[in-house]
Amino acid sequence: MKPQATSREAILAECRAIVRRQGLSGISVRGVAAAAGVATGTLYHYFPDKGALLTAVVADVWRDVFSQDAAPRGTADFCRYVDALYRGARERLAAYPGFAQGHGLELVAMTGRKDEGRACMQAFLDGVGSQLQEALRRDPHVRPGVLAGGLTPQGLARLVTQSLLAGLVLGQPTCDDLLAVLRAALY
């Protein structure tokens with residue numbers, strides 16, 4: 001038997017492994033507890049019910065997909081950063097077959113927690129947006145004054161985040177169209 005997993009992170013890591021093999025439908029309280037080597041009561045310490053567990057798993061999978069590991073560190077080129085983020089996310093998403101296309105519908109069907117899932121997803125997307133804003137701030141080649149008035153760093157980051165997510169859900173191989181628009185608008 002595995003050593004006792006007592007952290008939320010260790011439990012979510014087991015959940016990601018289950019989702020990679022079986023999809024979200026493979027998540028059950030007993031199955032996760034067994035995979036993590038803990039009692040079901042331990043799971044309920046971190047997640048009050050299966051719906052809360054599933055919501056946390058979906059958010060955790062998206063965090064894994066959009067991990068910043070693949071994004072170039074210290075680059076001053078916003079478009080290069082966006083491209084690397086998308087390519088890395090697409091590569092990691094391949095480990096979760098069907099997840100991007102079905103997670104929302106499957107989560108609502110399994111838990112009925114549409115609002116909670118939406119809030120969790122929005123918090124995740126806001127985090128990606130903050131990282132994009134930081135990458136944008138570091139790019140010295142952005143035309144002066146282009147991010148003023150109607151086009152703010154926050155709005156641009158939100159638009160880029162939504163575009164990247166849509167591209168992943170639609171299975172687009174690249175984000176080249178988005179990059180072309182960004183280059184034309186920013187430089």
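Reader: At what angle do helix 8 and helix 9 pack, and how far apart are their axes?

Author: Happy to start there. In this predicted model, helix 8 (residues 153–170) and helix 9 (residues 176–186) pack at an angle of about 165°, and their axes are 11 Å apart.

Reader: Why is this pair called roughly antiparallel?

Author: The angle is about 165°, and angles over 145 degrees count as roughly antiparallel. Helix 8 and helix 9 are therefore roughly antiparallel to each other. Their crossing is right-handed.

Reader: Which residues make the contact of helix 8 with helix 9?

Author: Helix 8 brings Leu156, Val160, Ser163 and Leu164, and helix 9 brings Leu178, Leu182 and Leu186. Sorted by class, the contact has six nonpolar residues, one polar and no charged ones.

Reader: What makes the packing of helix 5 and helix 8 oblique?

Author: Helix 5 (residues 78–93) and helix 8 pack at an angle of about 35°, with their axes 10 Å apart. Roughly parallel is kept for angles under 35 degrees, and the stated value is about 35°, right by that cut-off. I would rather leave you with the value than press the label. The crossing of helix 5 and helix 8 is right-handed.

Reader: Which residues meet there, and how do they divide by class?

Author: From helix 5 come Phe78, Val82, Leu85, Tyr86, Ala89, Arg90 and Leu93, which meet Val160, Leu164, Gly167 and Leu168 of helix 8. They divide into nine nonpolar, one polar and one charged. Gly counts as polar and Arg as charged under this scheme.

Reader: Which residues touch the most other members of the largest nonpolar core?

Author: Ile27, Trp62, Phe66 and Val82 do, in a core of 56 residues. Its largest share, nine residues, comes from helix 4. Leaving out residues up to four places away in sequence, Ile27 touches Cys15, Ile18, Val19, Val32, Lys50, Leu53, Leu54 and Val57.

Reader: Why is Tyr187 called partly exposed?

Author: Its relative accessible area is 31%. Buried means under 20% and exposed means over 50%, so Tyr187, with 31%, is partly exposed. You will find Tyr187 in the segment after helix 9.

Reader: How do you know that Tyr187 comes together with Arg143 in space?

Author: Tyr187 and Arg143 are 44 residues apart in sequence, while their C-alpha atoms are 5.3 Å apart. Arg143 is also one of the residues in contact with Tyr187, along with others including Asp77, Phe78, His141 and Leu182.

Definitions and conventions. Residues are numbered from 1 along each chain as its sequence is written. This is a predicted model: local features need pLDDT of at least 70, side-chain atom pairs count only at pLDDT 80 or more; totals for chains, interfaces and linings use all residues. Side-chain values use heavy atoms; hydrogens and water are left out. Axes are lines fitted to C-alpha atoms, for helices over the stretch in contact, and angles run from 0 to 180 degrees between N-to-C directions. Helices (H or I, at least four residues) and strands (E, at least two) are DSSP runs, numbered from the N terminus. Angles under 35 degrees count as roughly parallel, over 145 as roughly antiparallel, 65 to 115 as roughly perpendicular and the rest as oblique. A crossing is left-handed if the near helix is turned anticlockwise from the far one by less than a right angle, and right-handed if clockwise. Contact means heavy atoms within 4.5 Å. A nonpolar core is a set of buried Ala, Val, Leu, Ile, Met, Phe, Trp, Tyr and Cys residues joined through side-chain atoms within 4.5 Å. Buried means under 20% relative accessible area, exposed over 50%, partly exposed in between (1.4 Å probe, protein chains only).
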